Amino acid sequence: MAKLVYALNRSLDGYVDHLEFKPSLALFRHFIEQVRDLTGMVYGRRMYDTMRYWDEDQADWGADEHAFAAAWRSRQKWVVSRSLKSAGPNATLVEDNIEAVIRGLKAQPGGEIDVAGPDLAGSLTNLGLIDEYRLYLHPIVLGRGKPFFSGPRPPLRLVSRSRHPGRD
């Protein structure tokens, strides 16, 4: 069975805001490898809109940005949205029967499927579908934003931890 993993950057006070977090070079390279190892990704509409940045090369990108974009583009994506009319390359729009679709993805052999977006992760948590939570904790207090957990925090048990070097 595939494993559904909710992994996202968060502040010390529990918020996510991608404009506030600039990963170190080491952490960014970790994310490149993470994406390369994924079977696919499940996105809510807002997070998918944010990640579409990686669909087209930018003139100011270096080798690491190109590597991340190539890895991201190559992965299958499922976009959960009732408002989108279509999804971009290598993406499937999921408008209805979200629970059945996700259960079907999890029933596939092996691999890891990333869940991105706190609201979507909250819905999937409520359905008991998230297998693992990965919190990339940044030493910053935002005091505002979207909470990492959109509802009550599920019971968590630390299974591992690692430290990535700070900002470069």
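**Warm-up: what counts as exposed**

A residue is called buried when its relative accessible area is under 20%, exposed when that area is over 50%, and partly exposed in between. Keep that scale handy, and keep in mind that this is a predicted model.

**Exercise 1. Place Val159 and decide whether it is buried or exposed.**

Step 1: find the residue. Val159 sits in the segment after β8.

Step 2: apply the scale. The relative accessible area of Val159 is 55%, so this residue is exposed.

Step 3: get a feel for the distance to another residue. Asp57 is 102 residues away from Val159 in sequence, and the two C-alpha atoms are 37 Å apart in space.

Now try Val141, which is found in the loop between β7 (132-138) and β8 (146-147). Its relative accessibility is 59%, so Val141 is exposed too. Val141 also joins Leu12 and Leu137 in a nonpolar surface patch, and together they offer about 300 Å² of accessible area.

**Exercise 2. Work out how strand β6 is covered and which strands pair with it.**

Step 1: check the cover. β6 spans residues 112-116, and 5 of its 5 residues are buried.

Step 2: sort the side chains by direction. Glu112, Asp114 and Ala116 point one way, Ile113 and Val115 point the other way, and all are buried.

Step 3: look for partners. β1 (residues 3-11) pairs with β6 in the parallel sense over 4 bridges. β3 (residues 40-44) also runs parallel to β6, over 4 bridges.

Step 4: zoom in on Asp114. The bridge partner of Val5 in β6 is Asp114, and Met41 stands opposite Asp114 as well.

**Exercise 3. Follow the salt bridges that start from Lys3.**

Step 1: take the count for the model, which is 15 salt bridges.

Step 2: pick the pair. The side chains of Lys3 and Glu112 form a salt bridge at 3.9 Å, N to O. Lys3 belongs to strand β1 and Glu112 to strand β6, so this pair ties together parts that are 109 residues apart in sequence.

Step 3: compare the two ends with the scale. Lys3 is partly exposed at 30% relative accessibility, whereas Glu112 is buried at 17%.

Step 4: add the neighbouring pair. Glu132 and Arg134 make a salt bridge at 2.8 Å, N to O, and Arg134 is buried, at 18%. Through shared partners, salt bridges join Lys3, Glu112, Glu132 and Arg134 into one network.

**Exercise 4. Say which parts of the chain the salt bridge of Arg144 and Asp17 ties together.**

Step 1: note the contact. The side chains of Arg144 and Asp17 meet at 3.2 Å, N to O.

Step 2: locate both ends. Arg144 is in the loop between β7 and β8, and Asp17 is in the loop between β2 (15-16) and α1 (25-37), so the bridge ties together parts 127 residues apart in sequence.

Step 3: check the cover. Arg144 is partly exposed at 41%, while Asp17 is buried at 19%.

**Exercise 5. Describe the pair of Tyr43 and Tyr48.**

Step 1: recall what you need. A pair of aromatic rings is described by the distance of the centres and the angle of the planes.

Step 2: start from the total, 13 aromatic pairs. In the pair of Tyr43 and Tyr48, the centres are 6.0 Å apart and the planes make an angle of 45°, which is tilted.

Step 3: check the cover. Tyr43 is buried, at 2%, and Tyr48 is buried, at 2%.

Other rings to look up: Phe28, Tyr53, Trp54, Trp61 and Phe68 are linked into a cluster by ring pairs. For a charge over a ring, look at Lys77, which lies over the face of Trp72 at 4.3 Å from the ring centre.

**Exercise 6. Find non-glycine residues with a positive phi.**

Step 1: know the background. Most residues other than glycine have a negative phi.

Step 2: look at Asn90. Its phi is positive, about 60°, although Asn90 is not a glycine. Asn90 is in the loop between β4 (76-80) and β5 (91-94) and is partly exposed, at 33%.

Step 3: look at Asn97. Here phi is about 50°, again positive in a residue that is not a glycine. Asn97 lies in the loop between β5 and α4 (98-106), and at 61% this residue is exposed.

Definitions and conventions. Residues are numbered from 1 along each chain as its sequence is written. This is a predicted model: local features need pLDDT of at least 70, side-chain atom pairs count only at pLDDT 80 or more; totals for chains, interfaces and linings use all residues. Side-chain values use heavy atoms; hydrogens and water are left out. Rings of Phe, Tyr and Trp (its six-membered ring) pair if their centres lie within 6.5 Å; planes under 30 degrees apart count as stacked, over 60 as edge-to-face and the rest as tilted. Buried means under 20% relative accessible area, exposed over 50%, partly exposed in between (1.4 Å probe, protein chains only). A charge sits over a ring if NZ of Lys or CZ of Arg is within 6 Å of the ring centre and within 35 degrees of the ring normal. Helices (H or I, at least four residues) and strands (E, at least two) are DSSP runs, numbered from the N terminus. Two strands pair if DSSP finds at least two bridges between them. Patches are made of residues with over 30% relative accessible area and no salt bridge: like charges are joined within 9 Å, nonpolar side chains (Val, Leu, Ile, Met, Phe, Trp, Tyr) within 5 Å. Accessible areas come from the Shrake-Rupley method with a 1.4 Å probe; for residues, only the protein chains shown count as cover. A salt bridge is a side-chain nitrogen of Lys or Arg within 4 Å of a carboxyl oxygen of Asp or Glu.
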